[in-house]
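Colleague: I'm new to reading protein models, and I'd like to know what stands behind the words people use. Could you show me one and let me pester you about it?

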Amino acid sequence: MQYINIKSGDRALTIQILNAVDQSGGYWVTSPIQGFEAASIRTVVVPRPGAHGAYIPSALRGERRFTLNGGINASTVATHQSRRRDLEKVLRVQRDAYGIPRLPLVELTTDDGVAVQTEFELASPLKMADTLLASSMFSIDGVADYLLVSQTAVSTNFAVDAGVGATLPWVLPITLGTS
């Protein structure tokens with residue numbers, strides 16, 4: 001089974017990815033998940049009169065928009081309400097010990113088995129619709145950076161500089177005179 005992990009501060013949520021709707025309980029999203037296959041590309045086209053084609057000077061990667069459609073199921077109304085509040089909390093921007101805002105982090109495994117992660121923010125408010133007393137449907141519309149980072153290369157715990165200084169490389173222009 002495949003899972004998506006969403007982390008924010010000290011909160012974490014594991015959501016199961018399903019090929020079909022399963023009412024067995026917990027959090028689930030339907031597959032396929034749209035938006036993680038490729039980032040959008042922004043280009044500038046410069047027309048060249050009298051020449052065949054156009055010149056494209058560079059291509060810039062845009063944000064990665066994704067949508068998670070799924071649901072929350074529980075055996076009791078109280079458990080359902082608790083799971084619903086946990087989902088809302090984990091999608092909020094949290095502040096770390098230094099007061100710096102930290103975006104939620106989404107972790108997933110691609111179809112070819114690569115584990116990746118990226119920070120994201122909500123593009124629109126979380127959409128929730130109750131279907132029964134102890135179940136509801138949700139839609140998460142997120143905006144992530146174009147870059148997906150391998151989980152093996154990045155740690156989610158970063159040391160923040162506490163003001164003791166930093167070393168920066170400098171490149172100084174040197175003019176050589178002839179005499």
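Modeller: Let's begin with a term: two strands pair if DSSP finds at least two bridges between them. In this model, which is a predicted one, isoleucine 4 has leucine 108 in β11 as its bridge partner.

Colleague: What makes strand β1 and β11 a pair, then?

Modeller: Strand β1 covers residues 2–8, and four bridges join it to β11. The cut-off is at least two bridges, so with four bridges β1 and β11 pair. They run antiparallel.

Colleague: And how do you know that β11 pairs with strand β12?

Modeller: By the bridge count again: there are five bridges between β11 and β12 (residues 115–122), in the antiparallel sense. One spot to look at is leucine 105, which stands opposite glutamate 119 in β12.

Colleague: Why is β11 called mostly covered?

Modeller: The strand spans residues 105–109, and four of those five residues are buried. Glutamate 107 is a good test: its relative accessibility is 8%. Buried means under 20%, so glutamate 107 counts as buried.

Colleague: How do you know that lysine 7 and glutamate 107 form a salt bridge?

Modeller: Their closest N and O atoms are 3.3 Å apart. The limit is 4 Å, between a side-chain nitrogen of Lys or Arg and a carboxyl oxygen of Asp or Glu, so this pair qualifies. The two residues come from distant parts of the chain, lysine 7 in strand β1 and glutamate 107 in strand β11, 100 residues apart. In general, side chains of opposite charge can pair when their charged atoms come close.

Colleague: Is lysine 7 buried or partly exposed?

Modeller: Partly exposed, because its relative accessible area is 30%, and that class lies between 20% and 50%.

Colleague: How many salt bridges turn up in the whole structure?

Modeller: Four. Among them is arginine 65 with aspartate 141, with closest N and O atoms 3.0 Å apart. That pair also links distant parts of the chain: arginine 65 sits in strand β8 (residues 64–73) and aspartate 141 in strand β14 (residues 135–144), 76 residues apart. Another is arginine 102 with aspartate 96, at 3.2 Å.

Colleague: Why is aspartate 141 called buried and arginine 65 partly exposed?

Modeller: Aspartate 141 has 16% relative accessibility, so it counts as buried. Arginine 65 has 42%, so it counts as partly exposed.

Colleague: What else sits by aspartate 141?

Modeller: Try threonine 67, in strand β8. Threonine 67 and aspartate 141 are 74 residues apart in sequence, yet 4.6 Å apart in space, C-alpha to C-alpha. Leaving aside neighbours within four places in sequence, threonine 67 is in contact with Ile33, Gln34, Ser139, Ile140 and Asp141.

Colleague: What makes the link between arginine 84 and aspartate 130 a polar contact?

Modeller: Their side chains are joined at 2.6 Å, and the cut-off is 3.5 Å for a pair of N or O atoms. Arginine 84 is found in helix α1. With a relative accessible area of 17%, under the 20% limit, arginine 84 is therefore buried.

Colleague: Which residues are best connected in the largest nonpolar core?

Modeller: Of its 23 residues, Ile4, Ile6, Val29, Leu68 and Leu87 touch the most other members. The elements giving two or more residues to this core are β1, β2 (11–18), β3 (26–30), β8, α1, β11, β12 and β14. In soluble globular proteins, nonpolar side chains tend to be buried together.

Colleague: How many helices and strands does the protein have?

Modeller: One helix and 15 strands. Buried residues make up 28% of its 179 residues.

Colleague: Last one: what is the predictor's confidence across the protein?

Modeller: The average pLDDT is 74, and 68% of the residues score at least 70. Helix α1 (residues 77–90) has the highest confidence, with a mean of 90, and strand β6 (residues 54–55) the lowest, at 58. Over residues 153–169 the pLDDT is below 50, and beyond near neighbours in sequence that stretch has nine contacts in the model.

Note on methods. Residues are numbered from 1 along each chain as its sequence is written. This is a predicted model: local features need pLDDT of at least 70, side-chain atom pairs count only at pLDDT 80 or more; totals for chains, interfaces and linings use all residues. Side-chain values use heavy atoms; hydrogens and water are left out. Buried means under 20% relative accessible area, exposed over 50%, partly exposed in between (1.4 Å probe, protein chains only). pLDDT is the predictor's confidence in each residue, from 0 to 100. Contact means heavy atoms within 4.5 Å. A polar contact is a pair of N or O atoms within 3.5 Å; within protein, one must be able to donate a hydrogen and the other to accept it, and residues adjacent in sequence count only if both atoms are side-chain atoms. A nonpolar core is a set of buried Ala, Val, Leu, Ile, Met, Phe, Trp, Tyr and Cys residues joined through side-chain atoms within 4.5 Å.
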